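Here are a few exercises to work through with the model open. Try each one yourself before reading the solution.

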Amino acid sequence: MGILEVKGVGKRFGGLQALGDVNLSIEENTVHAIIGPNGAGKSTLLNCLVGKLIPDEGSVTFAGTSVLGRKPHEINQLGISRVFQTPEIFGDLTVMENMMIPCFAKRDGAFRMHAIESMEQEAELIAKAEAMLADVGMLEKREMIASSMSRGDKRRLEIAMCLVQEPKLLLLDEPTAGMARADTNNTIALLKEIKETRDITIAIIEHDMHVVFSLADRITVLAQGTPLVEDTPDNIKGNPKVKEAYLGETQQV
Amino acid sequence: MFGLNKKDTSFLLIVIALTMATPILLQPFAEGSELAQFNGGYPDLMQKIAIFGIFAVGFNILFGLTGYLSFGHAAFLGIGSYAAVWMMKLLTMNVIPAILLAMIVSGLFAAAIGYVSLRRSGIYFSILTLAFAQMSYKMAYSVLTPLTNGETGLQLALDDPRILDGAAEGSSLPVTNIFGIAMNSSYKLEALGRVFTFNVGYYFCAFIAILAFYVAIRLFRSPFGMMLRAVKSNQQRMTYTGLDPKPYTLAAFVISGMYAGLAGGLLAAMDPLAGADRMLWTASGEVVIMTILGGAGTLMGPVLGAGVIKYLENIFSKINEGVLHDWFSFLPDGVENVVIWVFARFTGEGWHLTLGVTFMLVVTFLPGGLIEGLRRLSKRVKHGSQKRDKYDDPDPEHRPEPGKRVAGE
C-alpha cells in the first residue's frame, strides 16, 4: 500500500478522453517519475491529485484519506505540496517574506488575524525559514524581491517554500522546464539532496530524460491517458514499448 | 513604541506633529493679501481632509494590499452617515455612540456585500461592488425613504426623542458635541497678520485619524498584512500553501468598509445630516483617485491624495471670474479676457479639469503616486541628479569600461 493510491481514474474534456483507467501507487520515501509524450495526460493527472480538477471516475487516496472533493488548500493541509511548471511564488514580496507565509500557514488552515501568538514563536518561525533558505543556498538573497531573481533561483525558492511546510508528498511539475543547463544541474543536485536528507516522497513529471534517470526510483510511462508500463529506470531504458510510444524511433537514450 | 519599530515610530510622530500643526501650516498667507484665497486653514476644509484621509487609508487596506479594486466604497460612507444621524436623533448628540454605530452598521453591510462580491476578482469584483453601491443609492431615494428621508436627506428635528439628552430647550437645533464640548466651537488666534482657527471638530477628527492611521500601520506590518499582500501577488501559490484567500480578502473588505463607515460617521458628526449623494458612484470614484494619486499600497499616500484633492476642490472651486479679473487687471483688455477665459476653464466650476490634468500627469510620470515623487525628490537631493535609474549605476560586469583601442586604429 503506497502513500498515494490512484485507482481507475478517468477524466474527459468534452469528447477527449484525457485520462482513462489510471492506476498508480507511489511508495513512501521514493522518487516516482511520470513521463510520457505531449498530451499523454501527465498534467491532467497531477491536477486531479491536487484538487484543481475532479476526476470523472476512480479514486485518489493519500495516506488513507480520499482527496476527491476537497479544495486545493485542504489537500495541501493533508501534506501534499506542489511545485509548478513555471515557478509560482509571491513575486512582489521579498524572498524572506515568501518563506514566512508558508511558515505562518498552520496545518489546520484556519483563518487567523494573528498568525503568531508570541514573540518567541515569531523568532522560532524566522529561524525555521532562515534554516530552510540556508539549505537551498539562498540565505544571502533573503532581502531580494522574488520576481527579480533568475528562473533557477525562483525554482529553488518555490521548492524551499514547499519544503518548509514539511509535506509528506512533494509533487513536481516539470521542475527544470525552460532552464539553462547549469540551473537544471543545480536543481537535480538540490532534489537529490532533498531525497537523501529528508523523510519525503517525491512525484515528478518531467520531459528531460537526464533529470528523470538521475533521480527516479520508479518510472511510470503514460501514453494517451493510460499507464503503459511501470518499472525501474534501468528496465524502462531497454523497454521497446516505451521507445515506440514515447522516445520515437530516431531518439536514443 | 506601541509595537512599532523605530522607523515607524518616528514616522507616526511626524504624522502626529503635522496633523496637530495643520491649522497653522495651511494658513501660510497673510490675511487680506492677494494669496489669502489659497489659505486652507479653515475648519470645514481641515475636517474634510482628515475625514477623507481616514476614508482613503481604509480603502487602501483593501486596494493597496489585496489589489481588489472596489468601486462602491462610498456606499459604506453613506451608510455610516445615516447610522450616525439616527443615533443623534434617537439617543444623544454626543458623537461617540454615533460613530460607533456607524462603524458597526457599515461593517455589517461590508460583510454582506463583500461575501457576495468577493466570489469574483478583477473587473467583475469592481462591477459587483459598483452595482451594490448604486443599488444602495437608489434604495435610499426610493423604498428606504422612511429610513433615509429620500431626497431631502436625513436631518435632525426638534421633536427627536434624544433619550439621553432629555428635552430640547429653546427653538434651535442642538449641536453635536463630545461630552458637552461643541464640535463647532473654535479658538481663534490672531498672530503675524494671520488668523489661525483651532477647531474642536478638526482636532476630534485629527485624533481619530491618527488612531486610524496607527491601526493601519500595525496592519501593514503584521503577518495579516503580509497575507493580504500575498493575495495580491499570487493567489494560486497561496491556495497551494494551504491557505484559503477568501477569509483574508473578506476581513480586509470589512475592515476597509468600517473605515469608510467611520469616515461617514465623522462627516455626520461635523454636520449632522446625511444624504444619498454620499453613496453616488462619483464619490466611490473619488476615493479611488485619492488613493492612486497619493500612491496605492503606501501608508502615507492615500492621506496625501485625500489632502490634495480636498484642497483643490475647495480652493480652486472658489476662484471665480471676479477673482480672476482682480488678478489680471494689469493686462490690456483684450489679452485679459483671453487669459481669464483660459484660467476659468481650470477654476471655479472647472476645477475638475485641474484635478483631471493633475491625475493624468501623476499617473503618467509618477505611477507610484505623489509619494513616489517625494521619494525621487529626496533621492535627488541626497545623491545629486546624475543617477536617474538603475541603468545609470556602474555595472562593470555587463557594461565594462570602454577599451582604449578604437576600431580602425
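**Exercise 1.** Which helices of chain B do the buried residues of H12(B) pack against?

Solution. Keep in mind that you're looking at a predicted model.
- Step one: find the helix. H12 of chain B covers residues 301-316, which makes 16 residues. From first C-alpha to last it reaches 22 Å, close to the 22 Å expected at 1.5 Å a residue.
- Step two: pick out its buried residues. Among them are B:Gly301, B:Pro302, B:Val303, B:Leu304 and B:Gly305 near the start of the list, along with B:Ile309, B:Lys310 and B:Phe316.
- Step three: see what these residues pack against. The partners in chain B are helix H2 (43-66), helix H11 (281-294), helix H15 (351-365) and helix H16 (370-383).

**Exercise 2.** Work out whether A:Ala40 is buried or exposed, and what it touches.

Solution.
- Step one: place the residue. A:Ala40 sits in the chain A loop that runs between strand S3 (31-35) and helix H1 (42-50).
- Step two: count neighbours. A:Ala40 has 24 other C-beta atoms within 10 Å, and the cut-off for buried is 20 or more, so A:Ala40 is buried.
- Step three: look along the chain. A:Val221 is 181 residues away in sequence, yet its C-alpha atom is 9.1 Å from that of A:Ala40.
- Step four: list the contacts. Leaving out residues up to four places away in sequence, A:Ala40 touches A:Leu222, A:Ala223, A:Gln224 and A:Gly225.

**Exercise 3.** Find the residues with the most contacts inside the largest nonpolar core, then follow B:Tyr259 outwards.

Solution.
- Step one: the core has 170 residues, and the ones with the most contacts inside it are B:Ile54, B:Phe55, B:Ala84, B:Tyr259 and B:Ala263.
- Step two: ask who contributes. Helix H10 (residues 245-270) of chain B gives the largest share, 16 residues. Chain A takes part too: domain 1 (1-79 + 167-253) and domain 2 (92-163) each supply at least three residues.
- Step three: B:Tyr259 is in contact with B:Ile54, B:Phe55, B:Val57, B:Gly58, B:Ile61 and B:Ala212, once neighbours within four places in sequence are set aside.

**Exercise 4.** Which element of chain A has the lowest mean pLDDT, and which the highest?

Solution.
- Step one: start with the whole chain. Chain A has a mean pLDDT of 85, with 93% of its residues at 70 or more.
- Step two: go element by element. Helix H9 (residues 240-247) is lowest, with a mean of 70, and strand S8 (residues 201-205) is highest, with 92.

Conventions:
Residues are numbered from 1 along each chain as its sequence is written. Chains are lettered from A and ligands numbered from 1 in the order in which they are written. This is a predicted model: local features need pLDDT of at least 70, side-chain atom pairs count only at pLDDT 80 or more; totals for chains, interfaces and linings use all residues. Helices (H or I, at least four residues) and strands (E, at least two) are DSSP runs, numbered from the N terminus. A residue is buried if 20 or more other C-beta atoms lie within 10 Å of its own, exposed if 12 or fewer, and partly exposed in between; C-beta atoms are placed from the backbone. Two residues are in contact if their C-beta atoms, placed from the backbone, lie within 7 Å. The expected span of a helix is 1.5 Å times one less than its number of residues. pLDDT is the predictor's confidence in each residue, from 0 to 100. A nonpolar core is a set of buried Ala, Val, Leu, Ile, Met, Phe, Trp, Tyr and Cys residues joined through C-beta atoms within 7 Å. Domain bounds come from an automatic or database domain assignment.
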